[in-house]
Amino acid sequence: MASKYGEVVQESLNALLEDESFLPNFKEEERKKAFTSLESILSTPNQIQKSFLRVPLENGKVLRIPAFRVQHNNAVGPYKGGIRFHETVREDEVINLATLMTLKNTLHDVPFGGGKGGVVINPREFTEKELHTISKKYVHNFSDILGPDKDIPAPDVGTGEREMDWMMGEYKSIHPGRPYRGSFTGKSQVNGGSLGRREATGKGVYYTLRYMLHNFVNENEEWFKKNENRFAKTALNHTNRQLTVGIQGFGNVGSVAALESYTCNYLDTKVVAVSDRNVTLYNEEGLDIKALIEFTSQHEGDLPTTDEALSQSNIKAEIQDREDVLYLDTDVLILAALEEQIREDNVDKVKARMIVEGANGPVTLEADRKLSDDGVLIIPDILANAGGVIVSYFEWLQGRETQFYSEEEVFTMLFKKMKETMDNIYPQFFSDPFPLRQNCYIHSVMKLSNILYRHGKLY
Ligand code: NAD
């Protein structure tokens with residue numbers, strides 16, 4: 001399979017091929033054919049659209065900017081996935097991310113398929129007026145394939161509420177009289193956005209760790225003590241004691257996960273290191289996360305980078321290199337910055353025995369294999385960072401019902417949905433030899449295959 005996630009999907013299909021209770025109606029040759037058909041459906045997107053956005057700049061020049069929308073699979077529901085504004089956007093990466101969205105939504109029973117979009121720009125190099133034009137042109141060029149029941153974009157790297165508001169405005173102008181509120185999610189609250197959307201991913205990331213250690217392991221402690229599974233031993237080793245935590249990335253996801261950890265009443269977690277695009281800050285006694293969030297809110301999202309800035313804000317920390325957070329001797333490492341941070345070439349320096357993926361794909365497959373063989377427990381992106389898309393689903397529902405939930409209701413519903421997924425996954429994960437990522441993929445591929453089978457698409 002061509003995509004980055006293809007290898008894991010292929011391994012999941014191989015495991016399912018052996019399992020005769022899965023798709024029992026298919027025997028021998030027919031079974032092989034059904035699996036070939038599954039493989040081809042999962043490894044190829046339904047649609048890849050590329051367009052050039054013609055954008056007049058304020059200085060009089062005109063640019064033609066490449067833009068993509070990939071619709072991977074919609075067996076479960078309308079396509080759903082963010083639009084990224086970044087200079088490194090490439091077609092194959094958009095396909096990868098759209099594939100991950102199909103599997104993520106299916107895993108969490110969110111009734112959406114998988115999609116993703118991208119525009120090849122560095123948004124910092126454009127004026128607000130130009131970004132407005134780029135956002136409108138994107139909707140204009142892809143307007144036939146977008147819509148509340150077709151394909152519902154959301155923010156991603158480089159886009160946020162502002163762009164979603166502009167895009168929904170353009171969608172409404174192009175399709176007068178048609179329902180439009182559910183056409184985009186991640187909008188501002190005055191424009192129909194959901195309360196709690198900004199915090200959803202970071203809260204969900206921390207919740208997967210908290211639920212595993214505080215609830216699942218504690219409630220099944222005797223079973224865990226007798227369990228020889230290497231991941232069960234790692235999890236047990238991380239319960240009922242203080243845990244030190246390092247967090248890479250202090251933006252939307254990382255800072256919220258840090259605050260959850262700092263204020264958690266269930267686990268005794270101490271955040272000793274956080275990092276961003278400039279620095280790592282370290283304090284073995286624990287960092288003052290509230291003061292750091294206050295600082296970043298006044299400094300365009302950046303952490304303090306000098307001793308002077310730290311002392312002016314009364315924050316006690318040692319300044320280290322930006323990469324150092326990855327190699328500190330912490331119990332837990334939360335990755336909430338970028339893709340491919342732990343790779344074959346640096347994996348041997350990682351000391352944390354539990355890793356939570358807030359970003360998409362921060363651990364490469366090769367590094368994942370090495371860590372997993374060694375018993376390091378990784379809570380993967382597909383499970384950990386789904387809070388954003390789950391609350392996007394609530395936003396879409398609220399747009400259809402034109403009725404809004406309180407922040408408390410949103411978080412209660414979010415945790416309930418994530419708990420249901422974990423209750424489905426954790427018992428099997430701690431009983432068999434596959435890493436958690438593989439386990440999640442097997443669950444997701446199994447659910448998707450059953451739906452495709454019932455739609456009569458496997459032959
Ligand atoms: P953000 O832009 O708010 O924050 C990114 C953080 O990473 C910033 O603190 C930035 O300084 C830091 N960073 C950038 N380059 C770095 C580097 N080389 N080394 C260390 N830190 C670096 O983004 P976000 O919304 O917090 O998203 C973080 C990751 O999570 C992204 O990969 C995103 O795709 C993924 N994600 C986000 C959501 C969401 O709802 N926001 C949902 C799913 C996945």
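**Close-ups of the ligand site and a pocket**

**View 1. Who sits around the ligand.** In this predicted model, 20 residues surround the ligand (each has a heavy atom within 4 Å of the ligand), and the closest are T201, F250, N252, V253 and R277. By type, this shell splits into 7 nonpolar, 8 polar and 5 charged residues; here Ala, Val, Leu, Ile, Met, Phe, Trp, Tyr, Cys and Pro count as nonpolar, Asp, Glu, Lys and Arg as charged, and the others, Gly among them, as polar.

**View 2. Polar contacts of the ligand.** These are pairs of N or O atoms within 3.5 Å. A polar backbone atom of F250 lies 2.9 Å from a ligand oxygen, and a polar backbone atom of N252 is also 2.9 Å from an oxygen of the ligand. With R197, a side-chain N or O atom is 3.4 Å from a ligand oxygen. On its own, the ligand has 830 Å² of accessible area (Shrake-Rupley method, 1.4 Å probe), and the protein covers 77% of that.

**View 3. The second largest pocket.** This pocket holds about 190 Å³ of space, a volume filled by probe spheres set on the grid points. A pocket here is an open set of points on a 1 Å grid over the protein atoms alone, where a 1.4 Å probe fits, with protein on both sides within 12 Å along at least five of seven lines; lining residues have an atom within 4 Å of a point. Of its 13 lining residues, P148, D149, R178, P179 and Y180 are the closest to the centre. The lining divides into 5 nonpolar, 3 polar and 5 charged residues.

**Notes.** Residues are numbered from 1 along each chain as its sequence is written, and side-chain values use heavy atoms, leaving out hydrogens and water. Local features need pLDDT of at least 70 and side-chain atom pairs count only at pLDDT 80 or more, while totals for chains, interfaces and linings use all residues.

Technical notes. Polar contact = N/O pair within 3.5 Å; in protein donor to acceptor, adjacent residues only side chain to side chain.
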